[in-house]
Amino acid sequence: MRTQLLAVVVIPIVTALVLGGLRVGSAAQNAQDADNARQLVRVVDKGTALLQKIEDERDLTALYVAAGRTGDTSRIDTQHSKTDAALAQVRAETAHVHGTTNSVLATQLAVLDAFGPKVASLRHTVTRSTMRWPTVVDVYTALITQLTHALDLLAPDIAGHVLVIRVGTLETFAQATEKASQQRALLGGVLAEEHFDANEAQSLALAARQQQALTDQFLSSAPAAQRQFYEHTVTGRDVDKADTLQKQTLALQGTSRPSLDADTWFDTMTSKLDLMRRVEQSLVGSAEDEISHEQRQAERSLLTASLVELLILLLVLAVTHVLVQSIVGPLHTLRASTLDIAQRRLPEVVRLLRESSGAHLKPIEVESTAVDSTDEIGRVARAFDDVHRDSVRLASEQAQLRGRINTMFVNLSQRGQSLVERQLKLIDHLENREQDPDLLASLFKLDHLATRMRRNEENLLVLAGEKAGRRWSAPVRLVDVLRAAISEIEQYQRVQLRGLVTADVDGRAVNDVVHLIAELLENATTFSSPDTEVLVTCLLLSGGGAKVEIQDSGIGMSTEDLAEANERLLNPPVVDVAVARRMGMFVVGRLSGRHDIRVQLRGSSPHGVTAVVMLPQKLVREHEDHMDPPGLSARYNAQGRLTGWRNYDTVEQLDESASASRVHRTHRHGARSAGNG
């Protein structure tokens, strides 16, 4: 039931987990994309700084070459160090992004990482060659263009539409800054060389127009806050002076030599560039703030989605647990109650009903199961309570019926025993008066049949669970008990006693022991050939008690039949029709259980069955001096065979030559004396 319930609940749980997992996965991907975008913006930031350092290196190098490669190179060396430091920072940032990006982006980052050798090669070329300063500006500008293009390719991998716009605005303004730096280099070279031709004037004018166009494009696309920051930043005396100097120089082109000092122009234009780069850094910082904001939102979204998924899962598990327990718990209680009823309570009631007489039974209260719910399980529990009550009611009715049947058995047995006792007294009277040997022998046979009838009547008492009315108060010799049992079977002549011992049987158990041995002897003689003997051997046990073995040479029993018979002897079944067909074994089982006598059937060699009767110590003890009941003791020859009887009340000896009728009469009355007590 638990598995079935869990199977029903697993489907919505799995569905919730899948959907929640997709939501959490999407949030995690968004957080990862935001983190990658943040790393890329940092790469763009460091790349922009590298662009500025290379621009400064280009402009200083062009000024140095235009001056004839003479003068102080400390500013160029310092700028080389700054450029190298910026290259190292770009490589460090790209290293953080390599492991979390795709192959195309990794290729672009590798291009950025490879700019160090390109810069070193360019420096070597400029230093070793005799190229003029315009060429130096061109080769540096080409390298700057490559770097700018590499940074532009990172924009599509930056998450978020707003960020892409911000990065695009940054690219536009960075190009405008580059054009301003080119103007610084071009005009600085003209002033340092003190020569201004048409090509140089055209390049300078073109750079100025491009800067203005890019600046206008930036102002048209940038947010209002960035436009305001630009307007408040890129203004002032240095900006106006730089524009004025540039216009004046262009106006003098072709008429006279420029009178402006190169260092003055360089410093003035550098001041303007610093203001523009401040705006550029503001744009980079704005992009970083935006991506940091998006990353925090993505992380909060991931955390919220994870918590919601966890709460939903815990809620589903809690509800599932409550539902399963609300169903499985009562089922477990119902199962425990039913098992308790089936294995303990109902068998105990049946046992009590079996042990009771059944005549005056009190109503038995049936305790309801512990399930008191009103759902389907509760209704099943109520139905089982009804079944339990009906079972107890039927058992009570059967006990009452069995009690009435037992009462009937007792009445029939008592009536039959009364008639048999009267019959035995009449036969005794006739035997005492009769002298004709043939007629006396017939009376002896009739006497023997009546004794067997009395045993059968006692079987009815055993079936009814009653004890025989005959009692023996004093201990009786075990040999007399065995002789009394022999005398109660039809073929008593076939029984041979061996190994007789001097022991007494408790008088209260004498009649039951006689009855038990007689039933076993009856079976032994019935299921063996009439021309064979049945041996009865008796042995005192060292630990107390006695063992009586009854061995026949009959057809024997299979191992399965022996096991079944021993089980019936150990646990006698309820009285029914089948018991009536095997009354002897049932009676033996009942009588042995009454006195803790252990009876077991074993196979004999080469064939036949041996019945082993273990009399407990409480029933058998060593022979003591007491008033012996009237009876006979057996006389055996050296081979252990019965040769005759002697009456130990007198000194009279009987042997095989005596009259057969006298032997039979003496034997019969002595055995009956031991049985009647």
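Here is a short conversation about a predicted model and the terms used to describe it.

Reader: What makes up the protein, in helices and strands?
Author: Welcome! The protein has 18 helices and 10 strands. Of its 677 residues, 44% count as buried.

Reader: Why is the pair Arg 184 and Asp 56 called a salt bridge?
Author: The term asks for a side-chain nitrogen of Lys or Arg within 4 Å of a carboxyl oxygen of Asp or Glu. Arg 184 and Asp 56 meet at 2.8 Å, N to O, so the pair fits the term. The structure holds 19 salt bridges.

Reader: What does the pair of Arg 184 and Asp 56 tie together?
Author: Arg 184 lies in helix H6 (residues 161-193) and Asp 56 in helix H1 (residues 2-66), so the bridge links parts that are 128 residues apart in sequence. Both Arg 184 and Asp 56 are buried.

Reader: How do you know that Glu 549 and Lys 547 form a salt bridge too?
Author: Their side chains come to 3.4 Å, N to O, and the limit is 4 Å, so this pair also qualifies. As for Glu 549, why is it called partly exposed? Its relative accessible area is 24%, which falls between the 20% and 50% cut-offs, so "partly exposed" is the right term.

Reader: What makes Arg 568 and Glu 564 about one helical turn apart?
Author: Both belong to helix H15 (residues 559-570) and are four residues apart, so about one helical turn separates them. In general, an α-helix has 3.6 residues a turn, so residues three or four places apart point the same way. The side chains of Arg 568 and Glu 564 meet in a salt bridge at 3.2 Å, N to O. Glu 564 has 41% relative accessibility and counts as partly exposed.

Reader: Which residues are joined into one network by salt bridges that share partners?
Author: The network consists of Glu 55, Asp 56, Arg 58, Asp 59, Glu 178, Arg 184 and Arg 277.

Reader: How do you know that Thr 177 is buried?
Author: Thr 177 has a relative accessible area of 1%. Buried means under 20%, so Thr 177 is well described by that word. Thr 177 has its place in helix H6. Setting aside residues up to four places away in sequence, Thr 177 touches Glu 55, Leu 273, Met 276, Arg 277 and Glu 280.

Reader: Why are helices H4 and H5 called roughly antiparallel?
Author: Helix H4 (residues 115-128) and helix H5 (residues 133-152) pack at about 175°, with their axes 11 Å apart. Angles over 145 degrees count as roughly antiparallel, so H4 and H5 earn the name.

Reader: Which residues meet where H4 and H5 pack?
Author: From H4 come Phe 115, Lys 118, Val 119, Leu 122, Arg 123 and Val 126, and from H5 come Val 136, Val 139, Tyr 140, Leu 143, Gln 146 and Leu 147. By class, this contact has nine nonpolar, one polar and two charged residues.

Reader: What makes helix H13 mostly covered?
Author: In H13 (residues 478-487), 10 of its 10 residues are buried. Among them are Leu 478, Asp 480, Arg 483 and Ser 487.

Reader: What does UniProt list for residues 302-324?
Author: An unreviewed UniProt entry gives "transmembrane region" for residues 302-324. In the model, this span is 100% helix and 0% strand, and its end C-alpha atoms lie 32 Å apart.

Note on methods:
Residues are numbered from 1 along each chain as its sequence is written. This is a predicted model: local features need pLDDT of at least 70, side-chain atom pairs count only at pLDDT 80 or more; totals for chains, interfaces and linings use all residues. Side-chain values use heavy atoms; hydrogens and water are left out. Helices (H or I, at least four residues) and strands (E, at least two) are DSSP runs, numbered from the N terminus. Buried means under 20% relative accessible area, exposed over 50%, partly exposed in between (1.4 Å probe, protein chains only). Axes are lines fitted to C-alpha atoms, for helices over the stretch in contact, and angles run from 0 to 180 degrees between N-to-C directions. Angles under 35 degrees count as roughly parallel, over 145 as roughly antiparallel, 65 to 115 as roughly perpendicular and the rest as oblique. Contact means heavy atoms within 4.5 Å. Ala, Val, Leu, Ile, Met, Phe, Trp, Tyr, Cys and Pro count as nonpolar, Asp, Glu, Lys and Arg as charged, and the others, Gly among them, as polar. UniProt positions are given in the numbering used here, feature names are shortened, and annotations may be inferred rather than shown by experiment.
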